[in-house]
Amino acid sequence: SFNKELCIEKAYKLINMFEEEGFDRSRILIKLAATWEGIKAAEELEKNNIRCNLTLLFSFVQAQACAEAGVYLISPFVGRIYDWHKKITPIRTYSYEKDPGVMSVHRIYNYYKENGYSTIIMGASFRRKEQILGLAGCDRLTISPFLLSELESSTDIVERKLFNIKNNFNPGEKVTESDFRWLHNQDIMAVEKLSDGIRQFGYDQIKLEKMVADKF
């Protein structure tokens, strides 16, 4: 997560393994944490037709830097943003219009479309069907089987909430590394959730490696 060169090295290793088995790289997404180093690694990989999914995305500046890097897809974590705010104000009930995770994706979506960025926005990590309905019209959504089942049995009317309104491409100057680190640092939720997410993915990798090793 904090070493651009190692991210690139591992990505090429995975791509080569799939290509040796006859799978074209266009069918593969390399998943990277949306740290500055992860975003810069993705920028180089995308130039060589290696598509990247930038995950653990919580702050607006992360999304801004990803778009400027030309990454293929981002995964804003709606549910984890919601979890953090619910923990801070546990008695508060959020409508979808005021749900902080939904509001975050709305802001990113509008910014991308207004400035003509092609990066796909895939809302992720949902906790309630209302969050999904609040993002109707988003480029992509990744939804758990439980929530898909709940949606299937729901009688709620689905109304589009996000619209692709294209304006002239004029985003201004690119985000620098110091800009990125400073602006991300101002978002307490994003700092805490990015760090926690990286730790949890690290723990999960250790568990996975042990499970595979036990099979041998």
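**Aromatic rings and a pair of helices**

A search of the whole structure, which is a predicted model, turns up seven aromatic pairs. Let's visit one of them. Tyr82 and Tyr94 form an aromatic pair of the edge-to-face kind. To picture such a meeting, keep two values in mind: a pair of aromatic rings is described by the distance of the centres and the angle of the planes. For Tyr82 and Tyr94, the centres are 6.1 Å apart and the planes stand at 65° to each other. Since planes over 60 degrees apart count as edge-to-face, the name fits this pair.

Now find the two residues along the chain. Tyr82 belongs to helix H4 (residues 78–88), while Tyr94 sits in the loop between H4 and H5, so the pair links parts of the chain that are twelve residues apart. Are these two residues buried or exposed? Tyr82 is buried, with a relative accessible area of 11%, and Tyr94 is buried too, at 6% relative accessibility.

Next, turn to two helices. The axes of H3 (residues 60–69) and H5 (residues 100–114) come within 10 Å and cross at roughly 30°. Angles under 35 degrees count as roughly parallel, and H3 and H5 are therefore roughly parallel to each other. Their crossing is right-handed. On the H3 side, the contact is made by Phe60, Ala63, Gln64, Cys66 and Ala67; H5 brings Arg107, Ile108, Tyr111 and Tyr112. Sorted by character, the residues of this contact are seven nonpolar, one polar and one charged.

Finally, the two topics meet. Phe60, Tyr111 and Tyr112, which take part in the helix contact, join Tyr117 in one aromatic cluster.

Technical notes. Residues are numbered from 1 along each chain as its sequence is written. This is a predicted model: local features need pLDDT of at least 70, side-chain atom pairs count only at pLDDT 80 or more; totals for chains, interfaces and linings use all residues. Side-chain values use heavy atoms; hydrogens and water are left out. Axes are lines fitted to C-alpha atoms, for helices over the stretch in contact, and angles run from 0 to 180 degrees between N-to-C directions. Helices (H or I, at least four residues) and strands (E, at least two) are DSSP runs, numbered from the N terminus. Angles under 35 degrees count as roughly parallel, over 145 as roughly antiparallel, 65 to 115 as roughly perpendicular and the rest as oblique. A crossing is left-handed if the near helix is turned anticlockwise from the far one by less than a right angle, and right-handed if clockwise. Contact means heavy atoms within 4.5 Å. Ala, Val, Leu, Ile, Met, Phe, Trp, Tyr, Cys and Pro count as nonpolar, Asp, Glu, Lys and Arg as charged, and the others, Gly among them, as polar. Rings of Phe, Tyr and Trp (its six-membered ring) pair if their centres lie within 6.5 Å; planes under 30 degrees apart count as stacked, over 60 as edge-to-face and the rest as tilted. Buried means under 20% relative accessible area, exposed over 50%, partly exposed in between (1.4 Å probe, protein chains only).
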